[in-house]
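Student: I'd like a close look at a single part of this protein, please. Pick one side chain, walk me through its surroundings, and then carry on to other places worth a visit.

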Amino acid sequence: MSKEEDVPLAVLGHESCAATRALAAVDEGGHDRVAAVELAEEALASPSCTENVRCLWRAMSILISAGEVASADAHLLRLSDSRVPAVVALLPVLRAQITRWIGDLLGAREQLTPLVGRGRGMAALSLVEVHLLLGDAAKAEQLVEEYDFAAIIAEVPAARGVLRSVHGLVNLYQDRYSEGLEHCLAALRYPAGELASSFLVVQRQGVAALAAMAAGQPDLAASLARQQAASAQAWGGPINLGWSLYVLALVQDDGKQVERLRDAVDLFEFAGCRMHLCEASRELAVRLALGGDPSGARHHFERASRLAAELNSDMLARRIAVSEEGLGTVVARTPLTEQERRIAWLARDGLSNKEIAARIGLTVRTVEFHLSSVYRKRNLSGRRELLARNVDLS
(Lines give C-alpha, C1' and ligand atoms only; values in the text may rest on other atoms or scores of the structure.)
Protein backbone atom coordinates (compact mmCIF):
# COMPACT_ATOMS: atom_id res chain seq x y z
CA MET A 1 0.00 0.00 0.00
CA SER A 2 1.12 3.56 -0.59
CA LYS A 3 1.67 6.01 2.23
CA GLU A 4 -1.50 7.76 1.10
CA GLU A 5 -3.50 4.59 1.75
CA ASP A 6 -1.68 3.70 4.98
CA VAL A 7 -2.38 7.07 6.53
CA PRO A 8 -5.25 8.59 4.54
CA LEU A 9 -5.12 11.96 6.30
CA ALA A 10 -1.54 12.50 5.13
CA VAL A 11 -2.91 14.32 2.07
CA LEU A 12 -3.27 18.07 1.96
CA GLY A 13 -6.86 19.19 1.78
CA HIS A 14 -8.18 22.25 -0.01
CA GLU A 15 -7.54 24.83 2.65
CA SER A 16 -10.33 27.04 1.32
CA CYS A 17 -12.93 24.29 0.87
CA ALA A 18 -16.25 24.28 2.71
CA ALA A 19 -15.29 21.38 5.00
CA THR A 20 -12.10 23.12 6.09
CA ARG A 21 -14.03 26.32 6.83
CA ALA A 22 -16.52 24.36 8.92
CA LEU A 23 -13.82 22.71 11.03
CA ALA A 24 -11.96 26.00 11.43
CA ALA A 25 -15.14 27.46 12.93
CA VAL A 26 -15.34 24.55 15.37
CA ASP A 27 -11.70 24.99 16.44
CA GLU A 28 -12.23 28.73 16.90
CA GLY A 29 -15.14 28.11 19.25
CA GLY A 30 -17.98 28.45 16.75
CA HIS A 31 -21.13 26.55 17.63
CA ASP A 32 -23.37 27.16 14.61
CA ARG A 33 -24.41 23.59 13.93
CA VAL A 34 -26.71 24.41 11.02
CA ALA A 35 -24.05 26.41 9.21
CA ALA A 36 -21.41 23.75 9.83
CA VAL A 37 -23.66 21.00 8.45
CA GLU A 38 -24.48 23.11 5.39
CA LEU A 39 -20.77 23.63 4.72
CA ALA A 40 -20.12 19.90 5.12
CA GLU A 41 -22.91 19.07 2.68
CA GLU A 42 -21.51 21.65 0.25
CA ALA A 43 -18.11 19.96 0.42
CA LEU A 44 -19.59 16.49 -0.10
CA ALA A 45 -21.39 17.74 -3.22
CA SER A 46 -18.06 18.77 -4.74
CA PRO A 47 -16.02 16.10 -6.61
CA SER A 48 -12.81 17.99 -5.83
CA CYS A 49 -13.52 17.46 -2.09
CA THR A 50 -14.89 13.91 -2.20
CA GLU A 51 -11.79 12.83 -4.13
CA ASN A 52 -9.53 14.33 -1.46
CA VAL A 53 -9.38 12.24 1.70
CA ARG A 54 -8.71 15.10 4.09
CA CYS A 55 -11.66 17.12 2.82
CA LEU A 56 -13.81 13.99 2.90
CA TRP A 57 -12.75 13.19 6.46
CA ARG A 58 -13.46 16.73 7.63
CA ALA A 59 -16.90 16.93 6.06
CA MET A 60 -17.94 13.51 7.33
CA SER A 61 -16.65 14.31 10.83
CA ILE A 62 -18.94 17.33 10.94
CA LEU A 63 -21.98 15.29 9.88
CA ILE A 64 -21.25 12.47 12.35
CA SER A 65 -20.65 14.72 15.35
CA ALA A 66 -23.77 16.73 14.44
CA GLY A 67 -25.81 13.53 14.57
CA GLU A 68 -26.61 13.62 10.86
CA VAL A 69 -26.11 9.86 10.61
CA ALA A 70 -28.63 9.25 7.81
CA SER A 71 -26.94 11.82 5.62
CA ALA A 72 -23.48 10.44 6.43
CA ASP A 73 -24.69 6.92 5.54
CA ALA A 74 -26.08 8.16 2.23
CA HIS A 75 -22.78 9.82 1.30
CA LEU A 76 -20.81 6.68 2.16
CA LEU A 77 -23.11 4.62 -0.06
CA ARG A 78 -22.72 7.08 -2.91
CA LEU A 79 -18.93 7.04 -2.57
CA SER A 80 -18.67 3.24 -2.42
CA ASP A 81 -17.91 3.10 -6.16
CA SER A 82 -15.12 5.69 -5.95
CA ARG A 83 -12.08 5.02 -8.12
CA VAL A 84 -9.72 6.90 -5.80
CA PRO A 85 -7.75 4.27 -3.81
CA ALA A 86 -7.24 6.52 -0.78
CA VAL A 87 -10.97 7.29 -0.60
CA VAL A 88 -11.83 3.59 -0.86
CA ALA A 89 -9.38 2.95 2.00
CA LEU A 90 -10.98 5.64 4.16
CA LEU A 91 -14.64 4.61 3.74
CA PRO A 92 -14.60 1.63 6.17
CA VAL A 93 -12.94 3.80 8.83
CA LEU A 94 -15.72 6.35 8.43
CA ARG A 95 -18.32 3.58 8.57
CA ALA A 96 -16.85 2.43 11.89
CA GLN A 97 -16.92 6.03 13.17
CA ILE A 98 -20.67 6.15 12.52
CA THR A 99 -21.17 2.77 14.20
CA ARG A 100 -19.22 3.98 17.23
CA TRP A 101 -21.06 7.30 17.42
CA ILE A 102 -24.48 5.66 17.70
CA GLY A 103 -23.20 3.52 20.58
CA ASP A 104 -22.74 0.15 18.84
CA LEU A 105 -19.35 -0.51 20.41
CA LEU A 106 -19.25 -4.20 19.55
CA GLY A 107 -20.02 -3.43 15.91
CA ALA A 108 -17.36 -0.72 15.85
CA ARG A 109 -14.77 -3.06 17.37
CA GLU A 110 -15.57 -5.71 14.77
CA GLN A 111 -15.22 -3.18 11.95
CA LEU A 112 -12.03 -1.55 13.24
CA THR A 113 -9.95 -4.56 14.26
CA PRO A 114 -9.12 -5.80 10.74
CA LEU A 115 -8.45 -2.24 9.59
CA VAL A 116 -5.79 -1.80 12.26
CA GLY A 117 -4.11 -4.94 10.96
CA ARG A 118 -3.82 -3.23 7.57
CA GLY A 119 -1.99 -0.25 9.04
CA ARG A 120 -4.82 2.27 9.22
CA GLY A 121 -3.72 4.80 11.83
CA MET A 122 -7.09 6.48 12.31
CA ALA A 123 -8.68 3.07 12.75
CA ALA A 124 -6.15 2.25 15.47
CA LEU A 125 -6.91 5.50 17.26
CA SER A 126 -10.64 4.79 17.13
CA LEU A 127 -10.15 1.20 18.32
CA VAL A 128 -8.24 2.40 21.39
CA GLU A 129 -11.25 4.54 22.28
CA VAL A 130 -13.70 1.66 21.72
CA HIS A 131 -11.65 -0.71 23.93
CA LEU A 132 -11.72 1.88 26.70
CA LEU A 133 -15.44 2.48 26.48
CA LEU A 134 -16.06 -1.26 26.57
CA GLY A 135 -14.07 -1.32 29.81
CA ASP A 136 -11.01 -3.12 28.44
CA ALA A 137 -8.33 -0.67 29.57
CA ALA A 138 -5.62 -3.34 29.23
CA LYS A 139 -6.27 -3.80 25.50
CA ALA A 140 -6.43 -0.05 24.99
CA GLU A 141 -3.12 0.47 26.76
CA GLN A 142 -1.51 -2.40 24.86
CA LEU A 143 -2.59 -0.95 21.50
CA VAL A 144 -1.22 2.48 22.47
CA GLU A 145 2.12 0.89 23.35
CA GLU A 146 2.31 -1.33 20.25
CA TYR A 147 1.04 1.02 17.54
CA ASP A 148 3.25 3.81 16.20
CA PHE A 149 1.02 6.87 16.33
CA ALA A 150 3.87 9.24 15.42
CA ALA A 151 2.77 9.56 11.78
CA ILE A 152 -0.80 10.36 12.74
CA ILE A 153 0.25 12.93 15.33
CA ALA A 154 2.63 14.57 12.86
CA GLU A 155 -0.19 15.09 10.37
CA VAL A 156 -3.05 15.72 12.81
CA PRO A 157 -1.99 17.43 16.06
CA ALA A 158 -5.50 16.88 17.45
CA ALA A 159 -4.66 13.18 17.61
CA ARG A 160 -2.35 13.98 20.51
CA GLY A 161 -5.38 15.30 22.35
CA VAL A 162 -7.22 12.01 21.80
CA LEU A 163 -4.24 10.07 23.15
CA ARG A 164 -4.16 12.38 26.17
CA SER A 165 -7.83 11.58 26.79
CA VAL A 166 -7.07 7.88 26.37
CA HIS A 167 -4.32 8.06 28.98
CA GLY A 168 -6.71 9.98 31.21
CA LEU A 169 -9.39 7.29 31.04
CA VAL A 170 -6.86 4.49 31.56
CA ASN A 171 -5.68 6.21 34.75
CA LEU A 172 -9.25 6.78 35.93
CA TYR A 173 -10.16 3.11 35.39
CA GLN A 174 -7.14 2.18 37.51
CA ASP A 175 -8.15 4.62 40.30
CA ARG A 176 -5.29 7.03 39.60
CA TYR A 177 -7.56 10.03 39.69
CA SER A 178 -5.04 12.89 39.85
CA GLU A 179 -3.04 11.51 36.93
CA GLY A 180 -6.25 10.93 34.98
CA LEU A 181 -7.39 14.50 35.55
CA GLU A 182 -4.00 15.86 34.45
CA HIS A 183 -4.25 14.06 31.10
CA CYS A 184 -7.91 15.03 30.59
CA LEU A 185 -7.16 18.71 31.20
CA ALA A 186 -4.18 18.55 28.83
CA ALA A 187 -6.46 17.15 26.12
CA LEU A 188 -8.50 20.39 26.22
CA ARG A 189 -5.55 22.33 24.81
CA TYR A 190 -5.62 20.65 21.40
CA PRO A 191 -7.83 21.58 18.42
CA ALA A 192 -11.03 19.59 18.13
CA GLY A 193 -12.28 20.01 14.58
CA GLU A 194 -10.10 17.54 12.71
CA LEU A 195 -11.32 14.68 14.91
CA ALA A 196 -14.85 15.89 15.51
CA SER A 197 -16.25 12.40 14.93
CA SER A 198 -14.39 11.14 18.02
CA PHE A 199 -16.46 10.94 21.19
CA LEU A 200 -13.39 11.68 23.32
CA VAL A 201 -12.81 14.89 21.37
CA VAL A 202 -16.35 16.24 21.18
CA GLN A 203 -17.19 15.28 24.77
CA ARG A 204 -13.78 15.98 26.30
CA GLN A 205 -15.00 18.72 28.66
CA GLY A 206 -17.49 16.28 30.14
CA VAL A 207 -14.83 13.58 30.46
CA ALA A 208 -12.59 16.08 32.23
CA ALA A 209 -15.49 17.07 34.51
CA LEU A 210 -15.96 13.45 35.62
CA ALA A 211 -12.21 13.15 36.14
CA ALA A 212 -12.22 16.30 38.29
CA MET A 213 -15.09 14.93 40.36
CA ALA A 214 -13.24 11.65 40.90
CA ALA A 215 -10.11 13.59 41.87
CA GLY A 216 -12.02 15.50 44.56
CA GLN A 217 -12.31 18.87 42.79
CA PRO A 218 -16.08 19.49 42.60
CA ASP A 219 -15.84 23.20 41.71
CA LEU A 220 -13.65 22.45 38.70
CA ALA A 221 -15.94 19.57 37.78
CA ALA A 222 -19.02 21.82 37.86
CA SER A 223 -17.29 24.47 35.74
CA LEU A 224 -16.25 21.95 33.10
CA ALA A 225 -19.72 20.36 33.08
CA ARG A 226 -21.32 23.76 32.48
CA GLN A 227 -18.92 24.38 29.59
CA GLN A 228 -19.88 21.02 28.08
CA ALA A 229 -23.57 21.84 28.52
CA ALA A 230 -23.19 25.21 26.79
CA SER A 231 -21.38 23.59 23.88
CA ALA A 232 -24.03 20.85 23.61
CA GLN A 233 -26.87 23.37 23.68
CA ALA A 234 -25.27 25.34 20.87
CA TRP A 235 -24.25 22.33 18.77
CA GLY A 236 -27.38 20.24 19.37
CA GLY A 237 -27.97 16.59 18.61
CA PRO A 238 -29.47 14.03 21.02
CA ILE A 239 -26.17 12.34 21.93
CA ASN A 240 -24.41 15.62 22.68
CA LEU A 241 -27.35 16.91 24.72
CA GLY A 242 -27.81 13.60 26.54
CA TRP A 243 -24.14 13.41 27.47
CA SER A 244 -24.08 16.96 28.84
CA LEU A 245 -27.17 16.28 30.98
CA TYR A 246 -25.64 13.02 32.25
CA VAL A 247 -22.44 14.79 33.29
CA LEU A 248 -24.32 17.64 34.97
CA ALA A 249 -26.40 15.12 36.93
CA LEU A 250 -23.24 13.48 38.25
CA VAL A 251 -21.33 16.60 39.26
CA GLN A 252 -23.96 19.20 40.20
CA ASP A 253 -25.98 18.50 43.35
CA ASP A 254 -28.88 20.93 42.89
CA GLY A 255 -31.92 18.67 43.20
CA LYS A 256 -32.29 18.25 39.44
CA GLN A 257 -30.28 15.04 39.08
CA VAL A 258 -33.25 12.71 38.47
CA GLU A 259 -34.85 15.11 36.00
CA ARG A 260 -31.59 15.43 34.05
CA LEU A 261 -30.99 11.69 34.04
CA ARG A 262 -34.53 11.01 32.80
CA ASP A 263 -33.97 13.45 29.95
CA ALA A 264 -30.57 11.90 29.19
CA VAL A 265 -32.11 8.41 29.09
CA ASP A 266 -34.79 9.61 26.67
CA LEU A 267 -32.23 11.28 24.40
CA PHE A 268 -29.89 8.27 24.33
CA GLU A 269 -32.83 5.97 23.65
CA PHE A 270 -33.99 8.18 20.79
CA ALA A 271 -30.47 8.19 19.32
CA GLY A 272 -30.09 4.42 19.72
CA CYS A 273 -26.93 4.97 21.76
CA ARG A 274 -26.89 1.83 23.92
CA MET A 275 -23.60 2.41 25.72
CA HIS A 276 -24.63 5.75 27.17
CA LEU A 277 -28.21 4.57 27.68
CA CYS A 278 -26.88 1.75 29.87
CA GLU A 279 -24.80 4.09 32.03
CA ALA A 280 -27.54 6.70 32.33
CA SER A 281 -30.11 4.01 33.23
CA ARG A 282 -27.84 2.69 35.99
CA GLU A 283 -27.31 6.16 37.44
CA LEU A 284 -31.03 6.90 37.26
CA ALA A 285 -31.81 3.62 39.01
CA VAL A 286 -29.48 4.55 41.88
CA ARG A 287 -31.06 7.99 42.28
CA LEU A 288 -34.59 6.59 42.17
CA ALA A 289 -33.76 3.94 44.77
CA LEU A 290 -32.28 6.51 47.13
CA GLY A 291 -35.29 8.75 46.50
CA GLY A 292 -37.76 6.07 47.59
CA ASP A 293 -38.90 4.71 44.21
CA PRO A 294 -37.85 1.02 44.27
CA SER A 295 -40.14 0.07 41.39
CA GLY A 296 -38.62 2.69 39.10
CA ALA A 297 -35.14 1.69 40.26
CA ARG A 298 -35.80 -1.97 39.42
CA HIS A 299 -37.00 -1.05 35.95
CA HIS A 300 -33.88 0.94 35.12
CA PHE A 301 -31.47 -1.54 36.71
CA GLU A 302 -33.02 -4.32 34.64
CA ARG A 303 -32.78 -2.28 31.46
CA ALA A 304 -29.16 -1.41 32.24
CA SER A 305 -28.37 -5.10 32.84
CA ARG A 306 -29.97 -6.08 29.55
CA LEU A 307 -27.97 -3.45 27.67
CA ALA A 308 -24.72 -4.47 29.36
CA ALA A 309 -25.35 -8.05 28.22
CA GLU A 310 -26.11 -6.91 24.67
CA LEU A 311 -22.90 -4.87 24.63
CA ASN A 312 -20.95 -7.78 26.12
CA SER A 313 -19.39 -5.30 28.56
CA ASP A 314 -18.04 -6.81 31.77
CA MET A 315 -17.22 -3.30 32.98
CA LEU A 316 -20.84 -2.15 32.75
CA ALA A 317 -22.14 -5.39 34.27
CA ARG A 318 -19.75 -4.97 37.23
CA ARG A 319 -20.86 -1.38 37.80
CA ILE A 320 -24.50 -2.39 37.78
CA ALA A 321 -23.87 -5.28 40.19
CA VAL A 322 -21.91 -3.06 42.58
CA SER A 323 -24.67 -0.42 42.53
CA GLU A 324 -27.42 -2.98 43.19
CA GLU A 325 -25.42 -4.65 45.95
CA GLY A 326 -24.74 -1.33 47.62
CA LEU A 327 -28.44 -0.51 47.70
CA GLY A 328 -29.35 -3.91 49.17
CA THR A 329 -33.02 -4.72 49.54
CA VAL A 330 -34.13 -1.27 48.42
CA VAL A 331 -34.40 -2.56 44.86
CA ALA A 332 -35.45 -6.15 45.56
CA ARG A 333 -37.15 -7.68 42.53
CA THR A 334 -40.88 -8.24 42.39
CA PRO A 335 -41.25 -11.97 43.13
CA LEU A 336 -42.85 -14.32 40.62
CA THR A 337 -45.83 -16.40 41.71
CA GLU A 338 -45.39 -20.17 41.94
CA GLN A 339 -47.42 -20.65 38.76
CA GLU A 340 -45.40 -17.99 36.90
CA ARG A 341 -42.13 -19.65 37.92
CA ARG A 342 -43.35 -23.09 36.83
CA ILE A 343 -44.51 -21.85 33.43
CA ALA A 344 -41.34 -19.81 32.91
CA TRP A 345 -39.14 -22.84 33.63
CA LEU A 346 -41.13 -24.98 31.18
CA ALA A 347 -40.80 -22.27 28.53
CA ARG A 348 -37.08 -22.10 29.21
CA ASP A 349 -36.92 -25.89 28.75
CA GLY A 350 -38.18 -25.35 25.19
CA LEU A 351 -41.86 -26.21 25.52
CA SER A 352 -44.36 -24.28 23.41
CA ASN A 353 -47.34 -22.53 25.01
CA LYS A 354 -49.60 -25.35 23.77
CA GLU A 355 -47.30 -28.00 25.29
CA ILE A 356 -47.11 -26.11 28.60
CA ALA A 357 -50.90 -25.85 28.72
CA ALA A 358 -51.27 -29.60 28.16
CA ARG A 359 -48.60 -30.40 30.74
CA ILE A 360 -50.18 -28.49 33.64
CA GLY A 361 -53.86 -28.49 32.64
CA LEU A 362 -54.36 -24.83 31.69
CA THR A 363 -55.66 -23.10 28.60
CA VAL A 364 -53.16 -21.67 26.14
CA ARG A 365 -54.56 -18.21 26.84
CA THR A 366 -53.85 -18.61 30.59
CA VAL A 367 -50.27 -19.69 29.84
CA GLU A 368 -49.83 -16.62 27.65
CA PHE A 369 -51.18 -14.42 30.46
CA HIS A 370 -48.70 -15.82 33.00
CA LEU A 371 -45.76 -15.52 30.60
CA SER A 372 -46.69 -11.90 29.89
CA SER A 373 -46.57 -11.25 33.64
CA VAL A 374 -43.10 -12.87 33.82
CA TYR A 375 -41.85 -10.71 30.94
CA ARG A 376 -43.18 -7.56 32.62
CA LYS A 377 -41.71 -8.34 36.04
CA ARG A 378 -38.30 -9.24 34.59
CA ASN A 379 -38.28 -6.47 31.96
CA LEU A 380 -38.06 -8.93 29.06
CA SER A 381 -39.19 -8.27 25.50
CA GLY A 382 -40.46 -11.84 25.09
CA ARG A 383 -39.63 -15.56 24.95
CA ARG A 384 -36.40 -15.02 23.03
CA GLU A 385 -34.89 -13.00 25.86
CA LEU A 386 -36.19 -15.50 28.42
CA LEU A 387 -34.29 -18.24 26.58
CA ALA A 388 -31.18 -16.19 25.81
CA ARG A 389 -30.56 -14.58 29.20
CA ASN A 390 -29.82 -16.02 32.62
CA VAL A 391 -32.99 -14.50 34.07
CA ASP A 392 -33.67 -14.70 37.81
CA LEU A 393 -36.91 -16.74 38.11
CA SER A 394 -37.19 -16.50 41.89
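Tutor: Happy to! In what follows, two residues are in contact when they have heavy atoms within 4.5 Å of each other. Please keep in mind that we are looking at a predicted model.

Let's settle on Arg-260, which sits in helix α18, spanning residues 257-271. Is this arginine buried or exposed? Its relative accessibility is 11%, so Arg-260 counts as buried, the cut-off for that being under 20%. Once its neighbours within four places in sequence are set aside, Arg-260 touches Leu-245, Leu-248, Ala-249, Gln-252 and Asp-254. Asp-254 deserves a second glance, as its side chain forms a polar contact with the side chain of Arg-260 at 3.0 Å.

Next, move along to helix α19, residues 274-290, where you will find Ala-289. Ala-289 has a relative accessible area of 6% and is therefore buried. Its C-alpha atom lies 9.5 Å from that of Glu-324, although 35 residues separate the two along the chain. Cys-278 is buried too, because its relative accessibility is 1%. For Cys-184 the value is 2%, so this cysteine is likewise buried. A disulfide is a covalent bond between the sulfur atoms of two cysteines. How many disulfides does the structure hold? The count is zero.

Helix α10, residues 137-146, makes a nice example of a two-sided helix. Its buried residues are Ala-137, Ala-140, Leu-143 and Val-144. They span an arc of only 130° around the axis, so they lie on the same side of α10. Behind this is a simple rule: an α-helix has 3.6 residues a turn, so residues three or four places apart point the same way. On the face of α10 turned away from the buried side you will see the exposed residues Ala-138, Glu-145 and Glu-146.

Finally, let's look at the empty space inside. There are two cavities of 30 Å³ or more, and the largest has a volume of about 70 Å³. Which residues line the largest cavity? They are Trp-57, Gln-97, Met-122, Leu-125, Ser-126, Glu-129, Val-162, Leu-195, Ser-197 and Ser-198. Helix α9, residues 121-133, gives the most to this lining, with four residues.

How values were computed
Residues are numbered from 1 along each chain as its sequence is written. This is a predicted model: local features need pLDDT of at least 70, side-chain atom pairs count only at pLDDT 80 or more; totals for chains, interfaces and linings use all residues. Side-chain values use heavy atoms; hydrogens and water are left out. Buried means under 20% relative accessible area, exposed over 50%, partly exposed in between (1.4 Å probe, protein chains only). A polar contact is a pair of N or O atoms within 3.5 Å; within protein, one must be able to donate a hydrogen and the other to accept it, and residues adjacent in sequence count only if both atoms are side-chain atoms. The arc is that of the directions from the helix axis to the C-beta atoms. A disulfide is a pair of cysteine sulfur atoms within 2.5 Å. On a 1 Å grid over the protein atoms alone, a cavity is a set of points where a 1.4 Å probe fits but cannot get out, and a pocket is an open set with protein on both sides within 12 Å along at least five of seven lines; lining residues have an atom within 4 Å of a point. Grid points are joined across faces, edges and corners, and a volume is the space filled by probe spheres set on the points.
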